[in-house]
Every structure is written in structure tokens, then in C-alpha cells.
Amino acid sequence: MKVKNMFQELKSDLPASIVVFFVALPLCLGIALASGAPLFAGIIAGIVGGIVVGIASGSPLGVSGPAAGLAVIVLSAITTLGSWPTFLLAVVLAGIIQLIMGFAKAGFIAYFFPSSVIKGMLTGIGLLIILKQIPHALGYDKDTEGDLSYFQTDGETTLSSIVSAFDSFTPGAILIAVLSIAILILWDTVLTKKHKLFQLIQGPIVVVFLGMVMNTLYQDGLLNLSLAADQVVRIPVPENLAGFFSQFTFPDFSALSNPEVYKIAFVMAIIASLETLLCVEATDKLDPFKRVTPTNRELKAQGLGNIVSGLCGGLPVTQVIVRSSANIAFGGKTKLSSILHGVFLLISAVTVAGLLNRIPLASLAAILIIVGYKLAKPALFKQMYQLGGEQFVPFSATVVGILATDLLRGITIGILFGIFYTLRHSYRNAYSMKDVMTTEDGHEVHHLVLAEEVSFFNKASILNALNNIPQNAKVIIDCSKSKSLAYDVVEIIENYQSNALTKNITVEKINFIEPAVSQAI
């Protein structure tokens, strides 16, 4: 993208990038905490995901950073490898593997995710964001930001955490959250339509500053309320520039001989790539301009990002749906928004970390609740239901799976339901049977016309059709329309012809390729 073109949507990208920055900040810290990594490693990954991946990526609206889906893997990997620098080497190698995947054009995998599953993913994430942020809005902050699993790192579940929040709420946090949600709704439904100023200044920015002001009033005793230390953002505060640079860690290249490093690198590369490709598909569906992200370029960009993040002491990065959807929801137009959010993370970590630690998590919870609602609007459920069971069932299964387990398992459940409907559709459309005719000799003639593409999934339906042909009949197996005929089906037809004599069935084949020949017709 040319520099001139990159800045042509600055009036939209700048405010959106500030919102994404405020959303990303606690997520970076929370995911680092859940991963058992240094907190600053999450900030590094956010900076690299914004600036490095943002520049290299072809995604206009996707935002990258540390991913919750990798937290458990990172936690386990650090324990297995025994040291943080050794783990960073695995991050670098994972990035190299992703680069290789990009050049090998492995990005085509993204096109195999059903649309119903992607929509279910967006809706499930939206509902999950709302459920996960309710405790933070109530001032119950036991679970780390960015934890998207049903079984949480604090020992509770998504639902039990909400129950506990109502038993241990903080009035000061609730007041901030309620006012923030009211402002965001008012901003979105009324004020932005009244004056262009309200379109330029995003509601979430106002909400964050309101939260900081109210927190200051609490601390000064002007309001008889308070927030605990774990109810605000907690970014590491360096004493000076030297202290800032001391937080960077470099990989231990002496561990290159350790086979465990390569195993972990491969697992991280595969999972990070899958999460990225899923997010790319989802983000493209949310894009109001319906632009298409080049998936192979995205894998290369993510690989470059992980190499840089690993070299600097950061967590592995992926494209992340929470930040990407926030970017879209609050007006981002180009990838400049993602790049600027990374720049803001860098500047804030160096200069104003102490000031950012005044932001209440309740303010950020309010922003994310609105983002979650925009992803999971009730109208989408109605739309998917009207499309029929073949779309609604995988969609619903994905939503329920994400809420009951985690992102990757939920997606897997949805895809399995999608595969079921694909197999059923394939089973029903493997052939067409013409009406039974009667020959001059009084024998029935059955005309079996095979489909254009006949795979091994069609074995059952074709075999069932053949077995239902009565004795003393004739069957014509017509392959003239078929472009591809799986060997499994060829074998079934050959075996059937051999056994048909026992039932006095005559078999005639049209344009049939014998088993010894190529299965392509």
C-alpha cells in the first residue's frame, strides 16, 4: 500500500486505532499472565503484531497480537523447555515454519471453512465476550483478561464466575460500567447522527477518559467509592529508558540441538496459522467493503511477526478476532489502524505506563460488551434459521461449542456438523435414477446416471441403489456425465457386475473406465 493511500482514511483509522489500543492493552497483559510469561512479553507481541505484521499483512482490517488460544500451549511449553529464552527460540522457529507455509501457498486452507461455521464463530465470540466481561463490569476481576475458555485459569467456569461476581461486586466498578455502556449506546444511536464531531471522536475514547477521571475522584476521596489494585490496568512501569530496554529478552540459540524446541515450534506454527486463517475469514465477512485478504501473504506476515517477536522477547502472535472486530465496529477502514495501535502500545510502554494504570477494567469491559453485542445481534440467529437446517445446525453447534469449550474446539465441532451435512448431501446426489422401463422380454431396465464428481463418500448410496435392483432385471450404469470417479466406486461397480450373474441381472456400462486405468474420466 502506498504511503499516500495509507493515510487517506486517517480520520477514520486514527480514532479506531485508539479504541483498539485501549482494548488490546489489557488483553496483552492478561494473555501474558495466563501464559506464565513476563507481562512485558504480551506488550512486545502487541507492538509487533500491530507494527510489523500490520505493515507486512494484506489484511485491511485484521489486527494481530498475542492470542488467548495459545496461552495453554505457551504455559506448557515454557515448563517443558525449562526456560523463557529457550521458549523464545521456539517462537522464532514457529515463525520460520509459517514463512515456509506462506511460500508453499498453504493459505488455501482458509477456503475450506464453511460460511455457517465462520458466522457461528463470530456469534460465539460475541456472546463469549459479553459473558467474560460481565464479571469485570461488576468489579470481579479474578480471571485474566483474554481468557476465552469455559474452564478458566482461576479454577472457575464462565458461568460460575458471573455468579461469583454478583456475590462479590464492587459498587465503584458497577457505576463506571453502567455510565460507560449508557454513553456508548447514546453515542452510537443518537450523537453520531447529530454532528460530525461525534463521528470523529469515538465513544470508547470518551469512556476511557471518564473511567480515569472517576478513578481519580475515588482515590482523592471526592466520591465515597473505590477500586482495588486488580480492578485497573497494570502495565509494567520502567523507571527510565534503560529499565525499559532491560525488559527485552533474547532467544537461547544454544538450544537449537534440543528436539523438543522443534516439536513445540511446529505445534505453535500450526495452531497460530489456523487461528489466523479463521480470523481472516471472519474479518473479511465483517468488512463493510467485502475486501478479500490474500491468505498466503498473511501467513508470511504472521511468520515475520513471530520471528521478530521471538527475537525481542515477546509471545507468539496471530490475527485476533476480538481486536479485529473492535477495529471494524469503531470505524477502521485500512490497515493503518492496526499499525497505529501498535505504535501507541510502544509509545505508552515507554512514556505513560503509570498514567494508563489508572484505567478501570470496568471501562474496558463496557467497550467489549458493546463489541460483543455487535457480533452477536439477535437478527443473525433469525437469518441463519431461515436458511434451513444445513446452515443453522453447524452455526448453532459452533456457537454452543465455543461457549462450552474454547475457540478451536468450538470451530471443530461446527466443522464436524458441516461435514455431516456435506456427506449427506453427497450421499443423496451421487446419482440419478430414471424411471423403470419394461423391455420386450418383460425385464425391468434401471438407468443409473452417476454425478459429475463421485468420491468415496458416495460409496454407500451407490451400493444401496445397486442392491435394491430386483432379480432378472437389467441395469445401465451411465458414467458419461462423470468427470471424476473414485477408485472405491469403480471397485464397487466391478464387484457388483461379477456378483450380478447370481441374481440374473444384466449390467451395461456407458463410458466406464476399468480399474486398471486412471480414475479421471
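Biologist: How many cavities of 30 Å³ or more does the structure hold?

Modeller: Bear in mind that this is a predicted model. Rolling a probe the size of a water molecule over the atoms shows where empty space is left. With the cut-off set at 30 Å³ or more, the count of cavities is two.

Biologist: Which helix gives the most to the lining of the largest cavity?

Modeller: That cavity has a volume of about 40 Å³, and its lining includes Gly-49, Val-53, Gly-54, Glu-298 and Lys-335. By class, the lining has two nonpolar, eight polar and two charged residues. The top contributor, with three residues, is helix H3 (residues 39–56).

Biologist: Okay, on to helix packing. Is H2 parallel, perpendicular or oblique to H15?

Modeller: Helix H2 (residues 10–35) and helix H15 (residues 336–350) have axes 8 Å apart, at an angle of about 50°. Angles under 35 degrees would count as roughly parallel and 65 to 115 as roughly perpendicular, so H2 to H15 is oblique.

Biologist: And is the crossing of H2 and H15 left-handed or right-handed?

Modeller: Among the residues that meet there are Leu-14, Phe-21 and Leu-25 in H2, and Leu-340 and Phe-344 in H15. The contact of H2 with H15 divides into twelve nonpolar, four polar and one charged residues. As for the hand of the crossing, H2 and H15 are right-handed.

Biologist: What about H6 and H7: in which hand does H6 pass H7?

Modeller: Helix H6 (residues 115–137) and helix H7 (residues 158–167) cross at roughly 35°, and their axes come within 8 Å. The contact includes Leu-128 and Ile-134 of H6, plus Ile-162 and Ala-165 of H7. H6 passes H7 in a crossing that is left-handed.

Definitions and conventions:
Residues are numbered from 1 along each chain as its sequence is written. This is a predicted model: local features need pLDDT of at least 70, side-chain atom pairs count only at pLDDT 80 or more; totals for chains, interfaces and linings use all residues. Side-chain values use heavy atoms; hydrogens and water are left out. Axes are lines fitted to C-alpha atoms, for helices over the stretch in contact, and angles run from 0 to 180 degrees between N-to-C directions. Helices (H or I, at least four residues) and strands (E, at least two) are DSSP runs, numbered from the N terminus. A crossing is left-handed if the near helix is turned anticlockwise from the far one by less than a right angle, and right-handed if clockwise. Contact means heavy atoms within 4.5 Å. Angles under 35 degrees count as roughly parallel, over 145 as roughly antiparallel, 65 to 115 as roughly perpendicular and the rest as oblique. Ala, Val, Leu, Ile, Met, Phe, Trp, Tyr, Cys and Pro count as nonpolar, Asp, Glu, Lys and Arg as charged, and the others, Gly among them, as polar. On a 1 Å grid over the protein atoms alone, a cavity is a set of points where a 1.4 Å probe fits but cannot get out, and a pocket is an open set with protein on both sides within 12 Å along at least five of seven lines; lining residues have an atom within 4 Å of a point. Grid points are joined across faces, edges and corners, and a volume is the space filled by probe spheres set on the points.
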